[in-house]
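Welcome! Please take a moment with the sequence and the model shown here, and then let us walk through the main sheet and a pair of helices together.

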Amino acid sequence: MRVLNYLELEDRLDRSGIGTAADQQRAALATTDVSVVTSPWTGGSPVAAVANGLRSRGAFRDYDVAHCNVIGPGSVAVARHAKRTDTPLVLHAHVTAEDFAESFRGSTHLAGPLRRYLRWFYSQADLVLCPSTYTKRTLESYPVDAPIRPITNGVDTASLSGFESLRAEYRDRFDLGGLVVFSVGNVFERKGLTTFCRLAQDTDYEFAWFGPYDSGPQASDAVRRWTTNPPENVTFTGWVDDKRGAFAAGDVYCFPTKAENQGIAVLEAMACGKPVVLRDIPVFEEFYTDGHDCLKCETHDEFRAALDRLADDPDLRRRLGENAKETASEHSLSRVGEKLVDAYTQVTSD
């Protein structure tokens, strides 16, 4: 079976969760018999494809299933071509209106129109894949008129191999000492930025957020405020070339996000055996258990108490980290590959 695994704007999304998810899909499929192409265009680009189309050479490559990860015009073109040619179409719902809000300047105001667009876009699919049952319920509420199947994004443990060896280097690079509370990923208010910084203000621990942040006009007021004038014990590192350094330098992964479809960095932290503190939101109910592989919190006081417990109790940190590592193993890429092949088999046999 030959499958198109398409990530529109791939060069711009390499630092995003969607880019990581697509990379992991491809790594997972490499463990199967599926043959993967990553561009739908003859000639390798939309411009070359248009030129080939005008010369009657065809704009699209040949594949048995089209699988798109983004919602832009290139993916719309792939979806329309799939409908014209009766090619099975799989659309991956990494984006919802709920997790788009509080990301960029003005994104909350655009969430309503985006929901209507997503309802139309995802409804074109023969099958919609999404990272969680929570996301499935969200899409059904729009409502999306297509079958929806949750498949974990998984965690690429191979990409984290040897992270321990980078601890001293990254702690020295960012002048971190003692117990370090950390987060990894793009800096957004939706991911709990204000909570993260206010926790730092109320404690004596070092806090570090490893990941890029906007500083231009697209940056939200919260991002601009906190990254321009952070608390003394908060470090915003910006983009780091080797994510393993982030997981090496940090001790307690704190993720007070307000909305997620899954959260790949949580699984990465767990795969590294880190104790994890999460906001108690619906998506995490299906994956993680409070007191077993994480601590879940709702209020500021609960987050602070959780950090204090972990700081004072090395045995608790160790136990949660060990259990978290077992949880992460349930999201291996080999399992993701099997589930993707099953999804492709379904749409080709319907």
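Two strands count as paired if DSSP finds at least two bridges between them. With that in mind, note that this is a predicted model, and look at β1 and β3, which pair in the parallel sense over four bridges. In this pairing, L4 stands opposite A66 in β3.

**The sheet**

Now step back to see the whole arrangement. Six strands make up an open sheet, in the order β2-β1-β3-β4-β5-β6, with parallel pairing. The edges are held by β2 (35–37) and β6 (148–150); each has a single partner strand, so one side of each is left without a neighbour in the sheet. On average, neighbouring strands of this sheet are turned by 25° against each other, direction ignored.

Here are three of the pairings in this sheet:

| Strand pair | Sense | Bridges |
|---|---|---|
| β1 and β2 | parallel | three bridges |
| β1 and β3 | parallel | four bridges |
| β3 and β4 | parallel | three bridges |

Individual residues help to place these pairs in the model. Strand β1 covers residues 2–6, and V3 stands opposite V36 in β2. Helix α1 (residues 17–29) packs on the sheet, where this helix touches β1, β2, β3 (65–68) and β4 (89–92). The direction of α1 makes about 160° with that of β1.

**A closer look at β3**

Are the residues on the two faces of β3 buried or exposed? Both faces are covered: V65 and H67 lie on one side, A66 and C68 on the other, and all of them are buried. You have already met A66 opposite L4; A66 also stands opposite L89 in β4. To get from β3 to β4, the chain crosses through helix α3 (residues 73–84), and this β-α-β crossover is right-handed.

**Two helices that meet**

Let us finish with a pair of helices further along the chain. Two packed helices are described by the angle between their axes and the distance between the axes. Helix α11 (residues 264–271) and helix α14 (residues 314–329) have axes that come within 7 Å and cross at roughly 120°. Angles of 65 to 115 degrees count as roughly perpendicular and those over 145 as roughly antiparallel, and α11 and α14 are therefore oblique to each other. Their crossing is left-handed. Which residues make the contact? From α11 they are L267, M270 and A271, while α14 brings G321, A324, K325, T327 and A328.

Note on methods
Residues numbered from 1 in each chain as written. Predicted model: local features only at pLDDT ≥ 70, side-chain atom pairs only at ≥ 80, totals over all residues. Heavy atoms only, no water. Axes fitted to C-alpha atoms, helices over the stretch in contact; angles between N-to-C directions. Contact = heavy atoms within 4.5 Å. Buried < 20%, exposed > 50% of the residue type's maximum accessible area, 1.4 Å probe, protein only. Right-handed = clockwise from strand over helix to strand, strands pointing away. Parallel < 35°, antiparallel > 145°, perpendicular 65-115°, else oblique. Left-handed = near helix turned anticlockwise from the far one by under 90°.
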